Amino acid sequence: MTRKLIISLVQSINGSYAQDGWSTGVSTKADFAYFKSLRKQAGAIIIDRRTALNPALPVINAPGKALEHTPVHVLTESDPKALTQQLAEAGLDYRAQHFTPETAAATIEALESTNETLVCESGPNLAYRLLDAVPGAELHLSLSPLYSRTPGSHFSQLEATLDLRLIDVRAVDDQVFVRYGRA
């Protein structure tokens with residue numbers, strides 16, 4: 001089965017992925033609505049370790065939520081056994097999966113999912129690693145009408161060059177949504 005991988009990222013117009021350390025600071029009402037529409041398509045959610053272990057974030061597949069039966073996979077380049085223990089101690093029904101940039105495509109293909117669409121909600125480093133490694137992956141980049149450079153701003157430190165092709169552009173209010181695929 002060929003999976004569809006949608007990578008969802010929000011950033012300010014100057015490239016900041018976070019304000020005060022989290023993406024909610026650069027998000028808008030239109031961005032959040034788009035984010036929720038992507039989640040509705042997801043047969044599985046992919047996040048990174050930092051997102052999974054943040055106690056301030058709501059549990060993605062908590063009982064009674066729309067995604068209650070949606071598998072959540074936490075991709076990590078470190079030891080998945082240690083992460084599995086941390087997730088269990090936090091009471092999270094998330095599955096830790098080891099990956100490397102070289103094994104990312106096979107890892108994604110093997111993930112448990114309720115349908116063929118996977119949505120990645122991680123930070124930019126994992127997002128760009130997956131975009132680089134997984135054939136057919138799409139980047140859904142949401143550009144907020146905000147210039148943000150504060151001590152809590154977050155800019156990607158990943159050294160990489162990815163050639164992308166434009167798939168679609170649309171605007172809602174002052175938010176711009178751009179879809180890209182690999183060139």
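This is a short talk on the sheet, the helices that pack on it and the nonpolar cores of one predicted model.

Hi everyone, let's start with the sheet. It is open, has eight strands with mixed pairing, and follows the order S4-S3-S2-S5-S1-S6-S8-S7. At the edges you'll find S4, residues 94-98, and S7, residues 164-172, each paired on one side only. On average, neighbouring strands are turned by 25° against each other, direction ignored.

Now look at one pair with me. Strand S6, residues 138-144, runs antiparallel to strand S8, residues 175-182, and six bridges join them. Within that pair, Ser142 sits opposite Phe177 of S8.

On to the helices. Helix H1, residues 29-41, lies across S1, S2, S5, S6, S7 and S8, and runs at about 40° to S8. Helix H5, residues 124-133, also packs on the sheet; the strands H5 touches include S3, residues 72-76. The direction of H5 makes about 140° with that of S1.

So what about the cores? The largest nonpolar core has 23 residues, and Leu5, Ile7, Ile46, Ile108 and Leu130 have the most contacts inside it. S1, S2, H4, S5, H5 and S6 each give two or more residues to this core. Which element gives the largest share? That is H5, with five residues.

Ile108 is a nice one to click on. Leaving aside neighbours within four places in sequence, Ile108 is in contact with Arg3, Ile46, Leu75, Leu118, Leu130 and Val134.

Finally, there is a second, separate core of 19 residues, with Leu38, Ile45, Ile60 and Ala96 among them. Thanks for listening!

Conventions. Residues numbered from 1 in each chain as written. Predicted model: local features only at pLDDT ≥ 70, side-chain atom pairs only at ≥ 80, totals over all residues. Heavy atoms only, no water. Pairing = 2+ DSSP bridges. Helix = DSSP H or I, 4+ residues; strand = E, 2+ residues; numbered from the N terminus. Axes fitted to C-alpha atoms, helices over the stretch in contact; angles between N-to-C directions. Contact = heavy atoms within 4.5 Å. Core = buried A, V, L, I, M, F, W, Y, C linked by side-chain atoms within 4.5 Å. Buried < 20%, exposed > 50% of the residue type's maximum accessible area, 1.4 Å probe, protein only.
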